[in-house]
2 protein chains.
Amino acid sequence: MSEDKPRKRRGAGRVTLNTVARQAGVSAITVSRYFNQPEQVSPERRERIAEVVAELGYVPNLVAGGLASARGRIVAMVIPNISGPIFANTIQGFSDTLSRHGYQLLLASSYFSAEQEESAVRAFLGWSPAALVLTSRFHSAGTEKMIAETEIPVVETWDYVPERAPVQIGFSHYDVGVTAARYLHGKGYRRMAFVQNSATGDFSALERGDGFAATLIELGVQPRVFVPDADSAPFEAGKQAMQALMNHATPPDAIFFANDTLAAGGLLAGQRSGLKCAVLGFGDYPFAEMLLPSLSTIKPPALEIGVLAATRVLESLGVLPDAVQRLNLLDCRLIERESA
Amino acid sequence: MSEDKPRKRRGAGRVTLNTVARQAGVSAITVSRYFNQPEQVSPERRERIAEVVAELGYVPNLVAGGLASARGRIVAMVIPNISGPIFANTIQGFSDTLSRHGYQLLLASSYFSAEQEESAVRAFLGWSPAALVLTSRFHSAGTEKMIAETEIPVVETWDYVPERAPVQIGFSHYDVGVTAARYLHGKGYRRMAFVQNSATGDFSALERGDGFAATLIELGVQPRVFVPDADSAPFEAGKQAMQALMNHATPPDAIFFANDTLAAGGLLAGQRSGLKCAVLGFGDYPFAEMLLPSLSTIKPPALEIGVLAATRVLESLGVLPDAVQRLNLLDCRLIERESA
DNA sequence: TTGTAAGCGTTATCAC
DNA sequence: GTGATAACGCTTACAA
């Protein structure tokens with residue numbers, strides 16, 4: 001109303017939708033439509049508004065828009081860690097797919113801690129994101145409650161089990177263990193061990209171990225399991241594991257590590273001390289092909305998970321057309337290199 | 001007003017500040033204070049409000065708060081890429097430091113493209129973030145205009161030059177090149193080459209090369225520069241570089257690569273074909289110590305950059321007390337391993 | 001195709 | 001210490 005003295009307290013004198021509208025000689029809602037349903041605005045006005053927007057350098061206030069429409073173009077993701085090589089590709093694929101459609105990524109890491117995940121989810125929900133993406137199906141009771149009650153789409157990544165309610169995009173970690181066991185057994189190895197992840201809270205890694213052990217038993221082989229010091233550095237934990245296992249009276253002839261960093265540690269420890277033992281990793285981290293011997297490993301569909309998660313989110317938001325067939329169970333690929 | 005029939009159109013029947021206030025028998029603003037300045041609310045009411053909040057599972061709507069106060073607890077960051085080993089640590093440190101103080105991270109990647117960076121910045125500004133963090137000092141004109149006009153704090157990371165207006169947190173890439181040249185020269189090498197990054201748009205890498213070349217010339221050594229195919233995969237580009245350089249009539253005795261992935265490619269190519277050439281990388285990527293020979297490299301303060309950037313942001317927002325001394329120029333450390 | 005009026009859920013302001 | 005009231009900048013609903 002007070003057009004001559006618009007500065008009140010907050011956005012004092014800022015360029016708003018109304019500024020643009022006045023300048024263009026239209027109403028605010030028309031400018032709003034220009035941005036959101038341009039086809040509903042006549043070409044002449046469209047052109048005029050475009051001019052004014054450029055001239056004034058107007059940037060739509062998405063916070064206000066989000067409040068008014070109760071749906072911001074923002075998607076929240078909680079992931080165990082950002083810097084690890086494994087999830088980074090998922091984030092990248094997710095973020096890129098989102099931003100290609102005008103959505104932004106709100107990100108936090110949980111470090112495999114259910115409490116940290118819960119607090120991140122709580123904070124995120126306050127932004128009323130368009131969707132929420134989590135990792136794995138292991139959450140705190142508080143998180144479960146929130147995702148059960150929220151109305152926004154929730155997607156779980158890096159996991160796949162039949163009975164869950166939220167959409168899941170990933171693969172069965174148990175089956176990865178099965179694949180590893182069959183592969184090594186098929187190569188003729190008979191004394192096999194699994195090395196757990198040193199990061200506590202990585203339940204998915206435990207599942208890989210379970211699948212591995214169960215399959216070996218089926219095949220008539222008694223599996224051994226090595227548990228590194230909790231929360232020790234993975235590379236060092238891998239070295240430690242290799243040394244400990246090879247000191248045994250009947251050392252293994254093949255070891256399946258919970259991830260490639262552990263495997264790299266094992267490989268190097270074996271290499272440096274002249275031990276002969278096949279090594280299989282999980283992750284296909286960028287360095288796997290750089291090692292000597294190069295590391296055989298199981299490659300999870302990290303990037304695809306991110307892209308597909310974003311796609312499913314955009315579908316349920318109506319931004320993308322619904323896929324006819326929703327294939328959310330992805331494949332892991334065994335990559336045979338020199339180490340096993 | 002219509003308390004008996006609150007469902008209008010949007011947030012139909014949602015738990016809001018008012019719901020809590022009514023239930024607790026106080027006014028909305030008191031509940032608001034309970035969250036933002038709890039010390040201004042009497043202990044009895046505080047307790048009562050806490051009960052109601054828990055009972056109703058109330059989550060404050062940060063979008064509404066952001067609109068009302070014109071400052072959301074959200075910080076935007078644009079980084080060349082998320083999945084690369086080099087920036088991942090910066091993001092991690094940044095995100096963790098922020099969330100420790102109740103701020104959330106809005107993230108996008110630019111792939112070293114000034115256009116993508118600009119479009120990300122434009123989208124982000126619409127969320128009126130509390131601050132904006134970019135990478136390097138190379139931006140499009142549009143981005144420069146926006147950061148000049150915005151009133152929120154802008155921080156540039158991974159760079160440090162004296163004359164810039166925005167706060168910069170990082171180091172001099174030119175000086176990294178100087179360090180590399182002096183180090184290799186000091187080790188007795190005399191025929192040296194620099195391998196550029198295969199990713200176009202990585203101007204910082206070019207600066208490292210400049211510092212390297214200029215210093216070598218000062219030292220009386222003529223530098224050679226190898227330029228890989230534009231946008232080829234870095235690991236392959238490194239192999240290619242090594243092969244090409246070693247095929248020369250007077251092959252180099254030491255090569256400084258623009259980053260560790262390139263260096264790893266070079267190292268492996270040399271290793272596999274029995275060539276003898278010292279290799280120095282940049283980045284200290286996680287695999288550097290896993291290679292055979294292990295990779296000598298220059299370690300940038302990736303994590304520290306993220307933490308410090310967040311710290312500076314929080315300081316300028318008044319969340320953290322202003323540091324007495326603001327040391328924004330960080331050190332790179334040369335890590336001597338086996339390869340050089 | 002365009003406009004008017006009424007919120008969205010919170011915080012700033014000012015009064016008590 | 002507490003509250004009434006008016007924004008914040010936009011979109012929904014409805015009308016023209």
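**From an edge strand to the chain contact**

A:Thr157 stands opposite A:Ile169 in β5(A), and this pair is a convenient place to enter the predicted model. The strands concerned are β4 of chain A, residues 154-157, and β5(A), which run parallel and are joined by three bridges.

From here the reader can follow the pairing across an open sheet of 10 strands, whose order is β5(A)-β4(A)-β3(A)-β1(A)-β2(A)-β2(B)-β1(B)-β3(B)-β4(B)-β5(B) and whose pairing is mixed. The edge strands are β5 (167-169) of chain A and β5 (167-169) of chain B, each of which pairs on one side only. From one strand to the next, the twist averages 25 degrees.

Where the sheet passes from chain A to chain B, strand β2 of chain A, residues 104-109, meets β2(B), and the two run antiparallel with three bridges between them. Within this pairing, A:Leu105 has B:Leu107 of β2(B) as its bridge partner.

The contact between the chains takes 44 residues from chain A and 44 residues from chain B. On the side of chain B that touches chain A, at least two residues each are supplied by α4 (62-69), α5 (85-100), β2 (104-109), α6 (114-125) and α11 (260-272) of chain B, so that β2(B), already met as the partner of β2 in chain A, appears here together with four helices. The most is given by α5(B), with eight residues. By residue class, this side of chain B comprises 26 nonpolar, 15 polar and three charged residues.

Key. Residues are numbered from 1 along each chain as its sequence is written. Chains are lettered from A and ligands numbered from 1 in the order in which they are written. This is a predicted model: local features need pLDDT of at least 70, side-chain atom pairs count only at pLDDT 80 or more; totals for chains, interfaces and linings use all residues. Two residues are in contact if their C-beta atoms, placed from the backbone, lie within 7 Å. Ala, Val, Leu, Ile, Met, Phe, Trp, Tyr, Cys and Pro count as nonpolar, Asp, Glu, Lys and Arg as charged, and the others, Gly among them, as polar. Two strands pair if DSSP finds at least two bridges between them. Axes are lines fitted to C-alpha atoms, for helices over the stretch in contact, and angles run from 0 to 180 degrees between N-to-C directions.
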